[in-house]
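Visitor: Could you take me through one part of this protein up close? I would like to look at the salt bridges and the residues that form them.

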Amino acid sequence: PGVFFDPITSMRCFSEVSRLMSSRERSTVALRISLLMRTVGIPCAAVIIAGLIGAVILIFSGANPVDGYMALFEGAFNGLSNIGRTLEKSTPLIFNGLAVAFALRAGLFNIGAQGQLLFGALFAAAVGFAPLGLPPIFHAPLALLTGALAGGFYSAVKGALKAYTGAHEVITGIMLNYVAINITDYFAAGPFRDSSAGNIVARTPLIQESAIIPSVGNLPLGFIIALGVSIMIWWFLKHTTIGFEIGTVGQNPQAARYAGIKVPRTLLMTMMVSGMLAGLGGAIETQSVIHRFQPGFNVGLGFDGITIALLGRVHPLGVIPASILVGAMRAGASQMQFSAGVATEIIDVIQALILFFVAADILARWILRSRDDAK
């Protein structure tokens with residue numbers, strides 16, 4: 001008891017406690033910095049290594065890699081119009097990256113985002129060209145919501161098969177992609193076909209001006225919507241009970257079931273929300289870029305979501321810079337081709353290399369974890 005009344009001893013005690021607390025705080029900060037560096041460092045390293053290998057490919061193809069990359073950068077970011085085009089190409093990528101990342105949080109691999117995107121794009125176009133007589137403040141959001149619901153309900157088929165029959169979502173996703181391609185082709189060539197004079201192409205009519213998502217100057221409004229949705233998904237996963245349940249199911253479905261979480265319902269809901277995000281990506285592409293649905297214009301966007309999700313480390317906010325990177329590569333590809341004489345296919349090779357090096361880390365950790373479990 002005398003310790004608390006001895007000034008010198010008390011000061012020493014408080015000093016020791018302060019030292020221990022500051023040491024713990026420093027270790028916590030160091031751990032967070034280390035985790036952040038690892039999280040950010042692996043995608044950055046993947047981009048750098050892919051860029052170096054791409055430079056070697058450019059040299060062997062007879063092009064100057066410095067000129068090629070400078071042309072790529074200028075085509076993507078030189079001037080407000082180029083920046084706007086980069087953000088425009090990044091917008092559907094954000095939604096599809098979110099779709100894949102959201103599903104992965106529950107341990108689901110949504111390889112069917114392409115089909116969900118097509119459904120979203122088609123039905124957003126159907127609402128967009130319909131003569132509803134609505135003002136833009138209602139017509140554009142209604143088309144967006146319809147596209148999201150179309151993608152969500154189509155994805156719910158795969159979610160139900162996974163949740164209640166155990167069918168693997170990768171197999172059913174690949175199969176449903178082909179079903180979606182044929183269904184949307186049928187509607188574009190049949191019930192929703194543009195019947196205007198002289199049209200011989202299987203496509204829908206142009207959407208009405210009231211359904212178009214405009215740009216604010218050179219900034220696409222769809223990109224702002226994508227940023228807002230990314231923040232909402234991050235908050236939902238981090239700060240809500242349902243978000244916690246999704247993460248728990250993704251970590252250990254058996255433990256989640258033991259804790260009272262309804263795993264089938266969570267899987268179904270997760271896959272449906274993932275499909276809604278992919279459907280939003282298709283609706284944004286229809287309403288802000290193409291202004292109609294035409295088969296073939298959205299090919300590959302759903303599969304690009306896998307690259308975006310992995311490059312963004314399956315984080316709702318990480319998909320934003322990842323999407324801008326891939327969008328910049330797409331926006332600057334033509335400038336790279338015309339100014340430096342580089343084939344646009346090299347851009348696809350570099351993107352594939354980025355995906356390979358990002359996935360290599362995930363694959364290596366999965367193999368090591370499997371070996372540890374086996375021991």
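Guide: Happy to; here is a walk through the salt bridges, with a little of their surroundings. Please keep in mind that this is a predicted model.

First, some background. The protein has 14 helices and two strands, and 44% of its 375 residues are buried. Of the contacts between residues at least 6 apart in sequence, 76% join residues at least 24 apart. The accessible surface comes to about 19,400 Å², with 69% of that belonging to carbon and sulfur atoms.

Now to the charged pairs. Side chains of opposite charge can pair when their charged atoms come close. Searching the whole structure turns up three salt bridges.

Let us start with E169 and K162. These residues form a salt bridge whose closest N and O atoms are 3.3 Å apart. E169 has a relative accessible area of 3%, so it counts as buried. K162 is partly exposed, because its relative accessibility is 23% and the cut-off for buried is under 20%.

The next pair is D194 with R292, where the N to O distance is 3.6 Å. This bridge links distant parts of the chain, since its partners are 98 residues apart. D194 lies in the loop between α6 (169-189) and β1 (215-216), while R292 lies in the loop between α10 and α11 (301-311). D194 is buried, at a relative accessible area of 11%, and R292, at 11% relative accessibility, counts as buried too.

The remaining pair is D304 with R330, whose side chains meet at 3.1 Å, N to O. Here the bridge runs between helices: D304 sits in α11 and R330 in α12 (residues 319-331), 26 residues apart. D304 is buried, with a relative accessible area of 9%, whereas R330 is partly exposed at 29%.

For a contrast with these charged pairs, turn to a nonpolar patch on the surface. L132, L134, I137, F138 and L142 make this patch of about 460 Å². One of them, L132, is found in the loop between α4 (113-129) and α5 (136-165). L132 has a relative accessible area of 41%, so it is partly exposed.

Finally, have a look at helix α8 (residues 241-251). Its buried residues are G243, E245, I246, T248 and V249. The buried residues of α8 pack against several helices, namely α3 (80-105), α7 (221-239), α9 (253-258) and α10 (263-290). You have already met α10 as one of the helices flanking the loop that holds R292.

Methods
Residues are numbered from 1 along each chain as its sequence is written. This is a predicted model: local features need pLDDT of at least 70, side-chain atom pairs count only at pLDDT 80 or more; totals for chains, interfaces and linings use all residues. Side-chain values use heavy atoms; hydrogens and water are left out. Buried means under 20% relative accessible area, exposed over 50%, partly exposed in between (1.4 Å probe, protein chains only). Helices (H or I, at least four residues) and strands (E, at least two) are DSSP runs, numbered from the N terminus. Contact means heavy atoms within 4.5 Å. Patches are made of residues with over 30% relative accessible area and no salt bridge: like charges are joined within 9 Å, nonpolar side chains (Val, Leu, Ile, Met, Phe, Trp, Tyr) within 5 Å. Accessible areas come from the Shrake-Rupley method with a 1.4 Å probe; for residues, only the protein chains shown count as cover. A salt bridge is a side-chain nitrogen of Lys or Arg within 4 Å of a carboxyl oxygen of Asp or Glu.
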